[in-house]
Amino acid sequence: MAISFDKAFGIHQYTIGARSQRAEVLAANIANADTPGYKARDVDFSALLEQAQGGQSTAVALTRTNEQHIAGGSSLDSSVMYRTPLEADTGDGNTVDINQERTAFMENSLEFQTSLSFLNSKISVLMRAIKGDSA
Amino acid sequence: MSLFQIFDVSASAMSAQSVRLNTTASNLANAESVSSSAEQTYRARRPVFAAQLQDALGDGTAPQGVEVKGIVESKAPLVKEYNPAHPMADKDGFIYKPNVNPIEEMADMISASRSYQTNVQVADTAKNMLSQTLNLGKG
């Protein structure tokens, strides 16, 4: 009987990828907290996860009809969206709410760690099965 | 692994905030730099932040770092003071003081150092997330 790693690891192998992508978007928001005109963004997590799970990106492939065309690697990633600001106007067009972003970043990294510890325990179960330890 | 990009983004924000701290330090240091003409007087400096330009072929969803576009001088009026006894006074007895408001500068300094701190924390969290991923399955 073969071990199916895909089944053994469950959803968590995909969530860590999606979580790290979300961490990136939130880090950019925090970095640009003082940049005039910057609009805060976040990801649609379920869309991101679906994308990671299905292995299918929503990328739009561009057909090159001429050798001299630049290979366009453009992907219309629909999962990154702009956040609706809580405050109507901050004066400089910036929509980053630093409290919200910091909390979201912290929450996201904790969820990342949760997924990692789930994966770790799955791996140790598999290791035990492979080694045949009773302990 | 996209977590590596967080380091670039946070580092750009940290350097932008340190430019802001530098200009604040320069403004505070020169707050009392008196001169005898309006042209020679020190003017408060402010950095201009902008989100880093996107890759032209990108989709506009890539994370953006912070870019310092440049440093501009404040357009606020200088302080012209009648003080004929001052050694720097011009022929009419006026001295010119910089348009630096120390209270404003102090508030800006605190804001810059807090933002810097936040970005250090973000980079630190990203580092922890990465090292935990690297240690996956070890224990």
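## A first look at helix α3 of chain A

Which residues are buried in α3(A)? They are Leu48(A), Leu49(A) and Gln51(A). This comes from a predicted model, so keep that in mind as you look around.

Seen down the axis of α3(A), those buried residues fall within an arc of 160 degrees, so they line one face of the helix. What they pack against is α2 and β1 (41–43) of chain A. Turn to the face pointing away from the buried side, and you'll find the exposed residues Glu50(A) and Gly54(A).

Ala47(A) also lies in this helix, which covers residues 45–54. Its relative accessibility is 25%, so Ala47(A) counts as partly exposed. Ala47(A) and Ser79(A) sit 32 residues apart in sequence, but their C-alpha atoms are 5.8 Å apart in space.

## Chain A overall

Chain A has 4 helices and 2 strands. Reading from the N terminus, the order is α-α-β-α-β-α. Of the 135 residues in chain A, 36% are buried.

Take the contacts in chain A between residues at least 6 apart in sequence: 73% of them join residues at least 24 apart. As for the outside, the accessible surface of chain A is about 8000 Å², and carbon and sulfur atoms account for 55% of that.

## The helix α4 of chain A

Helix α4 of chain A runs through residues 98–131, which makes 34 residues. At 1.5 Å a residue it should span 50 Å, and its end C-alpha atoms are 49 Å apart, which agrees. Right after α4(A) comes Gly132(A), with a positive phi near 80 degrees.

The buried residues of α4(A) include Glu101(A), Phe105(A), Asn108(A), Phe112(A), Leu119(A) and Leu126(A). What do the buried residues of α4(A) pack against? Partners come from both chains: α1 (5–9) and α2 (12–31) of chain A, together with α1 (3–29) and α2 (102–134) of chain B.

## Chain B overall

Over in chain B, the secondary structure comes to 2 helices and 4 strands. From the N terminus on, they follow the pattern α-β-β-β-β-α. The radius of gyration of chain B is 22 Å, well over the 14 Å that the globule rule gives for 139 residues, so chain B is more spread out than a compact globule. Along its principal axes, the C-alpha trace spans about 80 × 35 × 15 Å.

Buried residues make up 32% of the 139 in chain B. Among its contacts between residues at least 6 apart in sequence, 63% join residues at least 24 apart. The accessible surface of chain B is about 7800 Å², with 56% of it belonging to carbon and sulfur atoms.

## The helix α1 of chain B

With 27 residues, α1(B) reaches 39 Å from its first C-alpha to its last, close to the 39 Å expected at 1.5 Å a residue. Its buried residues include Leu3(B), Ile6(B), Val9(B), Ala13(B), Arg20(B) and Asn27(B). They pack against α2 and α4 of chain A, and also against β1 (45–51), β2 (66–73) and α2 of chain B.

Gln17(B) is part of this helix too. Is Gln17(B) buried or exposed? Its relative accessible area is 1%, and anything under 20% counts as buried, so Gln17(B) is buried. Leaving aside neighbours within four places in sequence, Gln17(B) is in contact with Asp34(A), along with Phe49(B), Ala112(B), Ser115(B) and Tyr116(B).

## The nonpolar cores

How many residues does the largest nonpolar core have? The number is 20, and those with the most contacts inside it are Ala23(A), Phe105(A), Phe112(A), Leu3(B), Ile6(B) and Val122(B). At least two residues each come from α1, α2 and α4 of chain A and from α1 and α2 of chain B. The biggest giver is α4(A), with 7 residues.

Val122(B) makes a good place to zoom in. Not counting residues up to four places away in sequence, Val122(B) touches Ala27(A), Ile30(A) and Phe105(A) from chain A, plus Ile6(B) and Ser10(B) from chain B. Apart from this largest core lies another one, of 10 residues, among them Ala31(A), Val96(A), Ala13(B) and Val66(B).

Definitions and conventions. Residues are numbered from 1 along each chain as its sequence is written. Chains are lettered from A and ligands numbered from 1 in the order in which they are written. This is a predicted model: local features need pLDDT of at least 70, side-chain atom pairs count only at pLDDT 80 or more; totals for chains, interfaces and linings use all residues. Side-chain values use heavy atoms; hydrogens and water are left out. The expected span of a helix is 1.5 Å times one less than its number of residues. Buried means under 20% relative accessible area, exposed over 50%, partly exposed in between (1.4 Å probe, protein chains only). Contact means heavy atoms within 4.5 Å. A nonpolar core is a set of buried Ala, Val, Leu, Ile, Met, Phe, Trp, Tyr and Cys residues joined through side-chain atoms within 4.5 Å. The radius of gyration is taken over C-alpha atoms; the globule rule is 2.2 Å times the number of residues to the power 0.38. Accessible areas come from the Shrake-Rupley method with a 1.4 Å probe; for residues, only the protein chains shown count as cover. The arc is that of the directions from the helix axis to the C-beta atoms.
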